[in-house]
Structures are given as structure tokens and as C-alpha cells.
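Please open the structure in a viewer and keep the selection panel at hand. The tour below goes from one selection to the next and says what is found at each stop.

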Amino acid sequence: VIKCKAAVAWEAGKPLSIEEVEVAPPKAHEVRIKIVATAVCHTDAYTLSGADPEGCFPVILGHEGAGIVESVGEGVTKVKKGDTVIPLYIPQCGECKFCKNPKTNLCQKIRITQGKGVMPDGTSRFTCKGKPIYHFMGTSTFSEYTVVADISVAKIDAAAPLDKVCLLGCGISTGYGAAVNTAKVEPGSTCAVFGLGGVGLAVIMGCKIAGASRIIGIDINKDKYAKAKEFGATECISPQDSKKSIQEVLIEMTDGGVDYSFECIGNVGVMRAALEACHKGWGVSVIVGVAAAGQEISTRPFQLVTGRTWKGTAFGGWKSVDSVPKLVTEYMSKKIKVDEFVTHNLPFDKINEAFEQMHSGE
């Protein structure tokens with residue numbers, strides 16, 4: 001058993017608490033990882049807020065991390081002690097019908113136990129003050145050591161800087177893949193990206209790499225425009241600058257609508273606007289943002305009858321174990337940006353400040 005520091009969420013709506021936790025050794029087909037770097041994501045904040053129907057407490061959150069394998073359980077063959085790895089919230093077992101289908105990346109092998117906050121055998125590897133602590137998204141990167149299933153880990157280039165590539169565990173991969181895998185943006189196309197946070201910037205990067213000729217960034221926070229343009233946005237607009245709806249504004253700007261739109265916020269009203277801003281006959285809108293539990297999307301069916309397509313994406317459609325090492329290689333060879341997404345570096349015990357900076361849009 002390893003004793004180490006972790007940021008524990010004891011209950012919903014309260015700040016995280018840095019505690020000493022015990023991390024049990026990995027059982028069969030499990031891997032114990034020394035986490036070197038972790039990022040914070042709106043998904044962690046969503047669960048912490050208490051709005052997540054799958055949220056269990058007390059829990060160790062975090063799902064964008066990178067580290068070094070400390071030890072492996074019986075039967076683990078893909079990684080060994082000392083390997084550099086990224087934990088994966090969408091695993092890839094290679095055996096279930098989802099993994100065998102090229103149309104999806106949603107491996108279901110451990111989905112039920114992962115959703116309940118436990119390891120595949122139904123128990124937790126974390127204890128604190130004598131109480132078991134739940135796992136989160138199968139990763140729990142807000143701990144100096146974590147235990148994950150062996151299908152939930154990708155071995156990456158040992159030379160990669162972990163404080164950067166941890167972002168490939170969720171946000172950057174999600175946005176980039178939404179453009180290149182889910183939408184399959186084509187050269188010369190016109191794109192609109194709603195929400196210019198980390199995921200939105202990654203979508204812009206993907207659209208640019210795919211050869212889009214016009215990329216319109218949309219956000220009410222104008223402080224984000226300069227960064228969006230660095231990533232490839234050709235122009236940025238705010239919905240608050242016109243009396244017309246944002247979809248009307250975009251239709252006028254683009255002679256009938258955009259070829260591809262992306263919703264990167266998780267707001268069902270914006271999802272509707274993103275679909276309706278698409279061009280009749282061929283426009284495709286991709287939902288990337290995760291809306292709160294129980295919310296529903298709506299539009300007039302005629303929007304779809306007249307040739308628009310509504311799609312969604314999880315982790316950018318990447319088959320995780322196969323794709324994450326390749327994404328790290330693309331970063332190392334300067335094909336994709338990662339460093340530019342990092343605005344602040346904080347010590348682990350300042351993790352609550354990191355959440356505050358995320359909420360404030362910094």
C-alpha cells in the first residue's frame with residue numbers, strides 16, 4: 001500500500017481537500033501509476049457541483065493526467081513498470097463489439113463499474129481516514145498515485161513532457177477529433193465553433209489542419225478572440241453584438257450557413273443555434289459539449305428534412321489505446337499544438353485555485 005497526497009471531494013459543492021490517502025496495489029489486469037501532471041476540466045467541476053447523476057462521493061476526481069507505471073497486477077502485458085503513460089477515461093479492450101466496430105470508440109467492457117466509481121471487480125483501491133473513496137471516470141488523476149484497468153492506459157513516448165501531454169487525455173484530443181474524425185472537415189469548407197475554451201480551440205486547430213478556408217469563433221467573452229485567432233480562427237463574433245439570433249447572423253455572413261458547426265459549451269440552446277446555422281442540404285453540426293443531466297435538445301424536424309445532420313462525439317472519436325500514442329507523436333513532431341493550451345501551472349495543493357481560474361475564463 002502506498003500513502004500519498006490526493007485531492008478528495010468529500011461532498012458535492014465543497015472545495016477539494018488535500019488529504020493523505022492509501023492506494024492499494026493493483027489486482028489482476030490493473031496498473032498503478034505515479035501521476036506526474038494533471039489538468040482540470042469542466043467535467044470534473046460538473047461532477048463536483050452535484051449535478052452529475054453518476055456522481056458518487058467521497059471521490060478522487062481528475063481524468064486528464066500523465067505519469068509513470070509504478071507497478072502492474074497479474075496478467076498485465078501491454079505496459080510494465082517504468083513506462084510513460086496516459087490514463088484513459090474511454091478504454092479500449094479490443095474485444096467488445098464496440099471496439100471491433102470501426103464506427104465507434106465507445107468501449108463498453110468496464111462502463112458499468114466505471115460509472116459506479118469502482119474498479120472492474122466492484123471495489124475501490126483508495127482509502128482515506130478509514131473510509132473507501134470512489135474512483136472517477138476510471139482514472140482519478142487528482143492523486144499522486146492511482147490505479148486503473150489495464151485497458152484504460154496508453155503507453156506513450158518516454159520523451160514527451162508530461163505537464164503538456166496530460167491534456168491529450170481529454171480536451172485537446174476531443175476537440176481535434178471532433179473536427180477530423182466526427183465531422184471530417186474538408187479542405188475549403190466554412191466552419192463555426194461555439195465556445196472558445198480549450199475544447200473549442202482544439203476544434204479550431206482541427207479545422208485548420210483539415211484545410212477549412214473560413215473558421216468563425218463564437219463566444220461572449222471577447223478576451224478569448226486573440227487566442228482563437230492564434231489557433232486558426234479567421235474571425236470571431238459575439239452573439240450579444242446583434243439583435244438577430246446568432247444563427248441568422250451566421251447564415252447572412254456565409255451565404256446560407258456554414259458547412260460544419262461545433263458546440264463546445266454544453267448549452268442546449270446553443271446546440272440548436274449551431275445546427276440551425278448550418279447550410280441547407282449538407283451542413284453538419286457536431287455536439288462536443290456535455291449538457292447537464294435531464295436537459296433535452298430541440299429543433300424543427302424540417303431542419304433535418306432539408307439536409308442538415310446532427311452528430312455527437314466523445315473523446316473526438318479516437319480509439320484510445322491506439323490513438324493517444326499517435327497524438328503524442330503528432331505533438332512531438334509539431335503537427336498539433338499542445339503547449340499553447342497551457343495558461344497556468346500550479347502546485348498540486350493549489351488545485352482549488354485552478355478550478356477558480358477555469359470558471360473565471362482565465
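## First stop: Ser 213

Select Ser 213 together with its surroundings: leaving aside neighbours within four places in sequence, Ser 213 is in contact with Gly 188, Ser 189 and Thr 234. The model is a predicted one, and this should be kept in mind at every stop. Ser 213 itself belongs to the loop between α6 (198-209) and β12 (214-218), and with a relative accessible area of 48% it is partly exposed. Now show polar contacts, and the side chain of Ser 213 will be seen to reach the backbone oxygen of Gly 188 at 3.0 Å. Adding Pro 187 to the selection gives a C-alpha to C-alpha distance of 7.0 Å from Ser 213, although the two are 26 residues apart in sequence.

## Second stop: the aromatic pairs

Next, display the aromatic rings, among which four pairs are counted. Begin with Tyr 89 and Phe 315, whose ring centres are 5.5 Å apart and whose planes meet at 75°; the pair is edge-to-face because that angle is over 60 degrees. Tyr 89 lies in the loop between β6 (84-87) and α2 (97-100), whereas Phe 315 lies in the loop between β16 (309-312) and α11 (320-332), and the pair therefore ties together parts that are 226 residues apart in sequence. Are these two rings buried or exposed? Tyr 89 is buried, at a relative accessible area of 15%, and Phe 315 is buried as well, at 3%.

Then move the selection to Tyr 176 and Trp 318, an aromatic pair with 5.7 Å from centre to centre and 35° between the planes, which is classed as tilted. Tyr 176 is part of helix α5 (residues 171-183) and Trp 318 is in the loop between β16 and α11, so this pair joins parts that lie 142 residues apart in sequence. Both partners are buried by their computed values, Tyr 176 having a relative accessible area of 3% and Trp 318 one of 12%.

Before leaving the rings, select Phe 231 and Lys 337: the lysine lies over the face of Phe 231, at 5.8 Å from the ring centre.

## Third stop: the region with a UniProt annotation

Colour residues 28-156, where an unreviewed UniProt entry places the feature "domain: Alcohol dehydrogenase-like N-terminal". Over this range the chain is 13% helix and 30% strand, and its end C-alpha atoms are 22 Å apart.

Then centre the view on Thr 113, which is found in helix α3 (residues 111-115) and is buried, with a relative accessible area of 18%. A polar atom of the Thr 113 side chain lies 3.2 Å from the backbone oxygen of Ile 110. When residues up to four places away in sequence are not counted, Thr 113 touches Val 118, Met 119 and Pro 120.

## Last stop: a five-stranded sheet

Finally, switch to a cartoon view and find the open sheet of five strands, which runs in the order β4-β1-β2-β7-β8 with antiparallel pairing. Its edge strands, each pairing on one side only, are β4 (59-60) and β8 (131-133). Within the sheet, select strand β1 (residues 2-9) and strand β2 (residues 17-23), which pair in the antiparallel sense over seven bridges. Which residue of β2 stands opposite Ile 2? The partner to look for is Val 23.

Notes:
Residues are numbered from 1 along each chain as its sequence is written. This is a predicted model: local features need pLDDT of at least 70, side-chain atom pairs count only at pLDDT 80 or more; totals for chains, interfaces and linings use all residues. Side-chain values use heavy atoms; hydrogens and water are left out. Rings of Phe, Tyr and Trp (its six-membered ring) pair if their centres lie within 6.5 Å; planes under 30 degrees apart count as stacked, over 60 as edge-to-face and the rest as tilted. Helices (H or I, at least four residues) and strands (E, at least two) are DSSP runs, numbered from the N terminus. Buried means under 20% relative accessible area, exposed over 50%, partly exposed in between (1.4 Å probe, protein chains only). A charge sits over a ring if NZ of Lys or CZ of Arg is within 6 Å of the ring centre and within 35 degrees of the ring normal. A polar contact is a pair of N or O atoms within 3.5 Å; within protein, one must be able to donate a hydrogen and the other to accept it, and residues adjacent in sequence count only if both atoms are side-chain atoms. Contact means heavy atoms within 4.5 Å. Two strands pair if DSSP finds at least two bridges between them. UniProt positions are given in the numbering used here, feature names are shortened, and annotations may be inferred rather than shown by experiment.
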